[in-house]
Amino acid sequence: MGKISKRGFTMIEVLAAFAMLTLAILMLTTMFGTIGRIIAEASQVQTQGNLLASSASDNLQTSSADVICTITTANVSLQVGGNAIINPTGTSILYTSSLRNSVHLVVFTP
């Protein structure tokens, strides 16, 4: 009977290493896909926020294809310095993105 070589890896060691490498690649791929979606969504929210801020700075009070404008007269209670309560009456303009319903900007003018 000949000698058995003890050099190299066994088949089980190779399969275990391949399985671990596959899991690591799968986790990294999933992670980069998630990061890409988060970056894309953040970019869309930033673009819509800039559009709303532009509408507010131009004092637009009408709805457009991109911005839904809701004007209400409001009584607002504000607590200043933890003590005094101010109740100003004014106009509240709610700008909402028509493309992303979760992006809002409220402008209150007394």
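Reader: Which element has the lowest mean pLDDT, and which the highest?

Author: pLDDT is the predictor's confidence in each residue, from 0 to 100. Helices (H or I, at least four residues) and strands (E, at least two) are DSSP runs, numbered from the N terminus. Strand 3 (residues 84–86) has the lowest mean, 60, and helix 1 (residues 11–57) the highest, 90. This is a predicted model, in which local features need pLDDT of at least 70 and side-chain atom pairs pLDDT 80 or more, while totals for chains, interfaces and linings use all residues. Residues are numbered from 1 along each chain as its sequence is written, and side-chain values use heavy atoms, without hydrogens and water.

Reader: What span should helix 1 have?

Author: The expected span of a helix is 1.5 Å times one less than its number of residues. Helix 1 has 47 residues and so should span 69 Å; its end C-alpha atoms are 69 Å apart, which agrees.

Reader: Which residues of helix 1 are buried?

Author: Buried means under 20% relative accessible area, exposed over 50%, partly exposed in between (1.4 Å probe, protein chains only). In helix 1 the buried residues are Gln 48, Leu 52, Ser 55 and Ala 56.

Reader: Which residues make up the largest nonpolar core?

Author: A nonpolar core is a set of buried Ala, Val, Leu, Ile, Met, Phe, Trp, Tyr and Cys residues joined through side-chain atoms within 4.5 Å. The largest has 7 residues: Leu 52, Ala 56, Val 67, Cys 69, Ile 93, Tyr 95 and Val 103. Helix 1, strand 1 (67–75) and strand 4 each supply at least two of them.

Reader: How do strand 4 and strand 5 run?

Author: Two strands pair if DSSP finds at least two bridges between them. Strand 4 (residues 89–97) and strand 5 (residues 104–109) run antiparallel, joined by 6 bridges.
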